[in-house]
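Q: I would like a close look at one part of this protein chain, set in the context of its surroundings. Please treat the packing of one pair of helices in detail and then work outwards.

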Amino acid sequence: MSAHPEATPPDLARKRAYEAAKLAKRLRHQVGQAIADFNMIEDGDKVMVCLSGGKDSYTMLDILLSLQAKAPVRFELIAVNLDQKQPGFPEHVLPQYLTERGVPFHIIEQDTYSTVTRVIPEGKTMCSLCSRLRRGALYNWAADNGVTKIALGHHRDDILATFFLNLFHQGNLKAMPPKLRSDDGRHVVIRPLAYCKESDIAEYAEHKQFPIIPCNLCGSQENLQRKSVGRMLQEWERQHPGRSETMFRALGNVAPSQLADRKLFDFAALGSRDGAKRADVHGWLAGSDNENN
Ligand code: SF4
């Protein structure tokens, strides 16, 4: 008899079910933790779950539904999708899925596709304008329908990619916060998947067999910079497992006195003995600087 008998199909099925349950538990825990850490959802909230039909938003909705069933607070969930009128968009897929699951939903119909294709020259990436228009349509609907929180499906790796894109191309230290007030001040936006890694979400979506709608129906060029940062992060993670998690932790562990932003830390006051003299010295330094130019 072999010391390591080969796994039989029932063994494999059991193992898969065990792994899937473990993954679901991990995702629920991470989402619950993010909600608690950032006070994302409170009693009486009406949460609009933005559902694009991609793996991330399906996973977000699924996990929020399971948390809602056991949460100590009462909150409402409504799934909202924007039908942007892209050619080939399978408009029956989301209503069918949401009806089967008994989830309240609304589909906004707005032809942002025509606007984007009219404004953006052929061959250029359309995603930035497309996302802005989509955001506008969703935020307007939220304002008209008593929504108190808008949930977006960005995950940990989206947040890290945004951080590096800003670092490399914009010269600032900025990522995507797990919770924010929208620029127009009207909404609170939350990212319940902020602690979840993309590979877990992909595995979960695969296991759950969500009816995924691809986001490239429009035929847009992919954002090449974001793609290359994504590849860089994956390569780092492959070579140094755990690096992404460490980097993500850094976003919540900032030491302003160890950076060089004078708006965040008063370096001038550090060790200063005489404010008036300091002002003189600054004037003199600025002057000598001008002379050298
Ligand atoms: S891939 Fe197409 S639908 Fe998706 S964000 Fe970009 S332009 Fe919009």
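In which sense, left-handed or right-handed, does helix 4 pass helix 5 in their crossing?

A: The model discussed here is predicted. In it, helix 4 passes helix 5 in a right-handed crossing. Helix 4 covers residues 112-119, and its axis lies 10 Å from that of helix 5, at an angle of about 150°. Since angles over 145 degrees count as roughly antiparallel, helix 4 is therefore roughly antiparallel to helix 5. On the side of helix 4, the contact is formed by Thr112, Thr115, Val116 and Val119. Helix 5 contributes Leu129, Cys130, Leu133, Arg134 and Ala137.

One of these contact residues, Cys130, also appears in an annotation. UniProt, in an unreviewed entry, lists Cys127, Cys130 and Cys218 under "binding site". These three residues span 92 residues in sequence, yet no two of their C-alpha atoms are more than 10.1 Å apart, so they gather at one spot. Cys127 belongs to helix 5, which runs over residues 127-144. Cys218, by contrast, is located in the loop between helix 7 (198-208) and helix 8 (224-239). Cys127 counts as partly exposed because it has 19 C-beta neighbours inside 10 Å, where 20 or more would be required for a buried residue. Cys218 is likewise classed as partly exposed, with 18 C-beta neighbours inside 10 Å. Leaving aside residues up to four places away in sequence, Cys218 touches Gln86, Tyr113 and Met126.

The loop that holds Cys218 leads on to two further helices. Helix 7, which precedes the loop, packs against helix 2 at an angle of about 75°, with the two axes 9 Å apart. This angle makes helix 2 roughly perpendicular to helix 7. Lys55, Asp56, Tyr58, Thr59 and Asp62 of helix 2 meet Ile201, Ala202, Tyr204, Ala205 and Lys208 of helix 7 in this contact. Helix 8, which follows the loop, contains Arg231. With 10 other C-beta atoms within 10 Å, Arg231 is exposed. Arg231 and Ala161 are separated by 70 residues in sequence, while their C-alpha atoms are 9.7 Å apart.

Helix 2 also has a place in the interior and in a second annotation. The largest nonpolar core has 41 residues, of which Met48, Val49, Cys50, Ile150 and Ala151 touch the most other members. Helix 2 (residues 55-70) supplies the largest share of this core, five residues. Among the core residues named, Cys50 touches Ser57, Val80, Leu138, Ile150, Ala151, Leu152 and Gly153, again not counting residues up to four places away in sequence. In an unreviewed entry, UniProt places a "short sequence motif: PP-loop motif" at residues 52-57. Over that stretch the chain is 50% helix and 0% strand, and the end C-alpha atoms lie 6 Å apart.

These details belong to a protein chain with ten helices and six strands. Of its 293 residues, 24% are buried. Among contacts with a separation of 6 or more, 76% join residues 24 or more positions apart.

Conventions
Residues are numbered from 1 along each chain as its sequence is written. This is a predicted model: local features need pLDDT of at least 70, side-chain atom pairs count only at pLDDT 80 or more; totals for chains, interfaces and linings use all residues. UniProt positions are given in the numbering used here, feature names are shortened, and annotations may be inferred rather than shown by experiment. Helices (H or I, at least four residues) and strands (E, at least two) are DSSP runs, numbered from the N terminus. A nonpolar core is a set of buried Ala, Val, Leu, Ile, Met, Phe, Trp, Tyr and Cys residues joined through C-beta atoms within 7 Å. A residue is buried if 20 or more other C-beta atoms lie within 10 Å of its own, exposed if 12 or fewer, and partly exposed in between; C-beta atoms are placed from the backbone. Two residues are in contact if their C-beta atoms, placed from the backbone, lie within 7 Å. Axes are lines fitted to C-alpha atoms, for helices over the stretch in contact, and angles run from 0 to 180 degrees between N-to-C directions. Angles under 35 degrees count as roughly parallel, over 145 as roughly antiparallel, 65 to 115 as roughly perpendicular and the rest as oblique. A crossing is left-handed if the near helix is turned anticlockwise from the far one by less than a right angle, and right-handed if clockwise.
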